[in-house]
Amino acid sequence: MSLRIVVTVKYVPDATGDRHFADDLTVDRDDVDGLLSELDEYAVEQALQISEARQEAGDDVEITVLTVGPEDAKDALRKALSMGADKAIHVEDDDLHGTDAIGTSLVLAKAIEKAGYDLVVSGMASTDGTMGIVPALVAERLGVPQVTLLSEVSVEGGTVKGRRDGDSATEQLEASLPAVVSVTDQSGEARYPSFKGIMAAKKKPVESWDLSDLDIDEDEVGLENAYTVVESATERPARTAGTIVKDEGEGGKQLAEFLAGQKFI
Ligand SMILES: Cc1cc2nc3c(=O)[nH]c(=O)nc-3n(C[C@H](O)[C@H](O)[C@H](O)COP(=O)(O)OP(=O)(O)OC[C@H]3O[C@@H](n4cnc5c(N)ncnc54)[C@H](O)[C@@H]3O)c2cc1C
């Protein structure tokens, strides 16, 4: 049996960097370094584990990593390739600037259809937008089952199975392929790329597609067609030095007075 896995990976601004909004209130991506969303590393890891298990059972497996994002988003693809994915697709187009979740799901779904797939593996949420809705939107657009927020996932024959840990119950779920799954940060540590993996990634194919390759009109995506936009943003005030209490016998009292003044106690 052959199994084609597409992993959706997002290139996100580094949360440790200083992030700003541009004049149109979209995130200024030129101003900050980016990286593969850490939550998508779990998706790559689960795809690799499924691949290893299925190959051991004699199946042919191919993992394609897919990103929709600016030129630098290739870095996220290279990281996923160095972890062990087989090939990559980068969808990039100037008209995508400011695209919201609905538009992003359209682009992803069209690209997944064009690539060909049996299973789509996504992260539980991106580390910047954190909406956690893209996998469900993609499944709806593809017209296939979605099994989201899995902390364990496997493929047996034409079925994907997984475990979802909720607050009050643990569910065992399954869906017939083709399907979309999303995995949580409890699904298992993502592997570090080995030196061999990093060198091999340089030779793996990365295809670039734009909107015309996917038969998407510019009026279906972009900031002007977004259902969600940022209307206003205010810079966070700079951190103040804080209050230092020197204990000269009255330290405890002063501390309690400070906390009471801030309504903490
Ligand atoms: C070209 C482009 C420009 C954008 N410009 C801006 C901007 O200027 N300002 C702004 O605020 N937002 C911008 N966005 C962000 C975008 O609106 C949201 O990030 C997007 O709607 C997804 O929402 P989310 O990140 O909350 O996804 P979630 O639903 O939290 O993501 C869940 C999972 O879906 C997958 N996924 C999500 N997004 C992508 C992606 N792009 N590629 C591959 N997989 C993905 C990942 O597997 C992820 O773990 C832009 C997006 C694109 C593609």
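These legends accompany close-up views of a predicted model of one protein chain.

**Figure 1. The whole chain, to get your bearings.** The protein chain carries 6 helices and 12 strands. Its C-alpha trace spans about 75 × 40 × 40 Å along the principal axes. Of the 265 residues in the chain, 39% are buried. Among contacts with a separation of 6 or more, 70% are accounted for by residues 24 or more positions apart.

**Figure 2. Helix α4 and its buried face.** Take a look at helix α4, which covers residues 134–142. Its buried residues are P135, V138, A139 and L142. Viewed down the axis of α4, these buried residues fall within an arc of 100°, so they line one face of the helix. A helix rule helps here: an α-helix has 3.6 residues a turn, so residues three or four places apart point the same way. What lies over the buried residues of α4? The cover includes helix α3 (101–115) and the strands β6 (119–123), β7 (146–150) and β11 (179–183). Just after α4 comes G143, with a positive phi near 70°.

**Figure 3. Helix α3 packed against helix α4.** Two packed helices are described by the angle between their axes and the distance between the axes. For α3 and α4, the axes come within 9 Å and cross at roughly 55°. That angle makes α3 oblique to α4. The crossing is right-handed. On the α3 side, the contact is made by A101, I102, S105, L106, L108, A109, I112 and E113. On the α4 side, you will find V134, L137, V138, R141 and L142. By type, the residues of this contact divide into 10 nonpolar, 1 polar and 2 charged. V138 and L142 are worth finding in both this view and the previous one: they belong to the contact with α3, and they are also buried residues of α4.

**Figure 4. Helix α1 beside helix α2.** Helix α1 spans residues 38–56 and helix α2 residues 74–83. How do their axes cross, and within what distance do they come? They come within 10 Å and cross at roughly 30°, and the crossing is right-handed. From α1, the residues E41, V44, E45 and L48 meet K79, A80 and M83 of α2. This contact divides into 4 nonpolar residues, no polar ones and 3 charged ones.

**Figure 5. M131, in the loop leading to α4.** M131 sits in the loop between β6 and α4. Is M131 buried or exposed, or something in between? Its relative accessibility is 49%, so M131 counts as partly exposed. The C-alpha atom of M131 is 8.2 Å from that of A101, a residue 30 positions away along the chain. A101 also appears in Figure 3, as one of the α3 residues in the contact with α4.

**Figure 6. Three loop sites with notable backbone geometry.** As a reminder, most residues other than glycine have a negative phi, and most peptide bonds are trans. The peptide bond from L177 to P178 is cis, with omega near 0°. P178 belongs to the loop between β10 (170–176) and β11. L25 is not a glycine, yet its phi is positive, about 65°. You can find L25 in the loop between β2 (11–13) and β3 (34–36), where it is partly exposed with a relative accessible area of 23%. D215 likewise has a positive phi, near 55°. This residue lies in the loop between β12 (206–209) and α6 (251–261), and at 64% relative accessibility D215 counts as exposed.

Methods
Residues are numbered from 1 along each chain as its sequence is written. This is a predicted model: local features need pLDDT of at least 70, side-chain atom pairs count only at pLDDT 80 or more; totals for chains, interfaces and linings use all residues. Side-chain values use heavy atoms; hydrogens and water are left out. Buried means under 20% relative accessible area, exposed over 50%, partly exposed in between (1.4 Å probe, protein chains only). Helices (H or I, at least four residues) and strands (E, at least two) are DSSP runs, numbered from the N terminus. The arc is that of the directions from the helix axis to the C-beta atoms. Contact means heavy atoms within 4.5 Å. Axes are lines fitted to C-alpha atoms, for helices over the stretch in contact, and angles run from 0 to 180 degrees between N-to-C directions. A crossing is left-handed if the near helix is turned anticlockwise from the far one by less than a right angle, and right-handed if clockwise. Ala, Val, Leu, Ile, Met, Phe, Trp, Tyr, Cys and Pro count as nonpolar, Asp, Glu, Lys and Arg as charged, and the others, Gly among them, as polar. Angles under 35 degrees count as roughly parallel, over 145 as roughly antiparallel, 65 to 115 as roughly perpendicular and the rest as oblique.
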